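Visitor: I would like to learn how charged side chains and backbone angles are read from a model, one feature at a time. Could we begin with pairs of opposite charge?

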Amino acid sequence: MDVKVLKSLSFFDDFTLPDMERASRFLMEKKYDRNSFIFMEGDSGHELFIVVSGTVEINRFEYGKKFVISTLQKGDIFGEMSLFDEGEFRSANAKVVDKAVLASIERRHLQSLLETSPGVTNKLLTILIHRLRKANDRIHDVAFLNVRERIYKQLLRLVEEHGVKLNHMIMINLRLTHQQIADMVGCTREMVSKVLSELQVDHIIGINKKRITVKNKLLLSDKVSGY
């Protein structure tokens with residue numbers, strides 16, 4: 001894969017040029033259409049993926065209900081868990097939301113990189129620690145926050161992960177339906193619609209073509225206990 005492409009991806013920001021060139025020899029480009037599955041829960045895992053373009057949703061189903069774990073865009077990685085836990089199967093589904101181009105690397109090639117490039121190891125450890133903290137944060141939300149607060153908290157999380165500054169406001173750079181937000185929080189679409197409508201009336205958020213803009217992040221934060 002072309003080193004120029006890798007330089008445009010945030011995952012490679014801290015890589016030295018030799019590490020990037022070494023990685024480029026192992027990475028393969030793969031293209032996926034909208035609504036296609038990259039892998040499904042229970043599949044064997046032997047590749048790590050990096051999003052080059054498009055949007056990928058990581059989700060799983062519990063008792064017939066979908067729960068969205070994360071929404072990934074350019075520069076994000078996924079599929080790393082089964083690589084480090086050899087013999088285990090995929091623990092979630094990876095579905096393409098928008099037509100996507102991905103870079104993939106097989107387990108054996110990744111292990112070779114980890115042995116020769118400390119920078120790659122440090123980068124992956126940083127990502128894994130961040131995701132563990134995020135998982136702990138979500139467990140806390142379910143245990144201690146009511147549904148409204150979980151919706152507020154999810155909006156703040158989306159601002160941190162996908163926010164783009166527009167003057168004094170922040171636009172969440174994802175097209176989100178109310179059902180998608182409900183799947184992230186673990187509640188009904190009707191509840192999300194009600195809460196978002198209230199936030200619009202209070203001029204805390206605005207919505208245009210499924211993109212949410214947070215007009216007052218401080219007021220939104222104040223609605224979450226202990227945030």
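Guide: Side chains of opposite charge can pair when their charged atoms come close. A salt bridge is counted when a side-chain nitrogen of Lys or Arg is within 4 Å of a carboxyl oxygen of Asp or Glu. In this predicted model, the side chains of Asp-14 and Lys-123 form such a bridge, at 3.9 Å from N to O. Asp-14 lies in the loop between helix H1 (3-7) and helix H2 (17-26), and Lys-123 in helix H5 (residues 118-144), so the pair ties together parts that are 109 residues apart in sequence. Helices (H or I, at least four residues) and strands (E, at least two) are DSSP runs, numbered from the N terminus.

Visitor: Before going on, what should I know about the numbering and the limits of the model?

Guide: Residues are numbered from 1 along each chain as its sequence is written. Because this is a predicted model, local features need pLDDT of at least 70 and side-chain atom pairs count only at pLDDT 80 or more, while totals for chains, interfaces and linings use all residues, and side-chain values use heavy atoms, with hydrogens and water left out.

Visitor: Is Asp-14 buried or exposed, and is Lys-123 buried or exposed?

Guide: Buried means under 20% relative accessible area, exposed over 50%, and partly exposed in between (1.4 Å probe, protein chains only). Asp-14 counts as exposed at 63% relative accessibility, whereas Lys-123, with a relative accessible area of 18%, is buried.

Visitor: How many salt bridges does a search of the whole structure find?

Guide: The search finds 17 salt bridges. Among them, Arg-60 and Glu-62 meet through their side chains at 3.2 Å, N to O; Arg-60 is partly exposed at 26% relative accessibility, and Glu-62 is partly exposed at 38%. Another joins the side chains of Asp-183 and Lys-66 at 3.7 Å, N to O. Since Asp-183 lies in helix H7 (residues 178-185) and Lys-66 in strand E4 (residues 65-72), this pair ties together parts that are 117 residues apart in sequence. Asp-183 counts as buried, at 7% relative accessibility.

Visitor: Which residues are joined into one network by salt bridges that share partners?

Guide: The network is made up of Asp-137, Asp-141, Lys-153 and Arg-157. Of these, Lys-153 lies in helix H6 (residues 147-162) and is buried, with a relative accessible area of 8%. UniProt, in an unreviewed entry, places the feature "domain: HTH crp-type" at residues 145-218; such positions are given in the numbering used here, feature names are shortened, and annotations may be inferred rather than shown by experiment. Over residues 145-218 the chain is 53% helix and 22% strand, with its end C-alpha atoms 18 Å apart.

Visitor: How should I read the sign of a phi angle?

Guide: Most residues other than glycine have a negative phi. Asn-167, although it is not a glycine, has a positive phi of about 55 degrees; Asn-167 is found in the loop between strand E7 (163-166) and strand E8 (169-172) and is exposed, with a relative accessible area of 77%. Lys-209 is also not a glycine and has a positive phi of about 55 degrees. Lys-209 lies in the loop between strand E9 (205-208) and strand E10 (211-214), and Lys-209 is exposed, with a relative accessible area of 64%.
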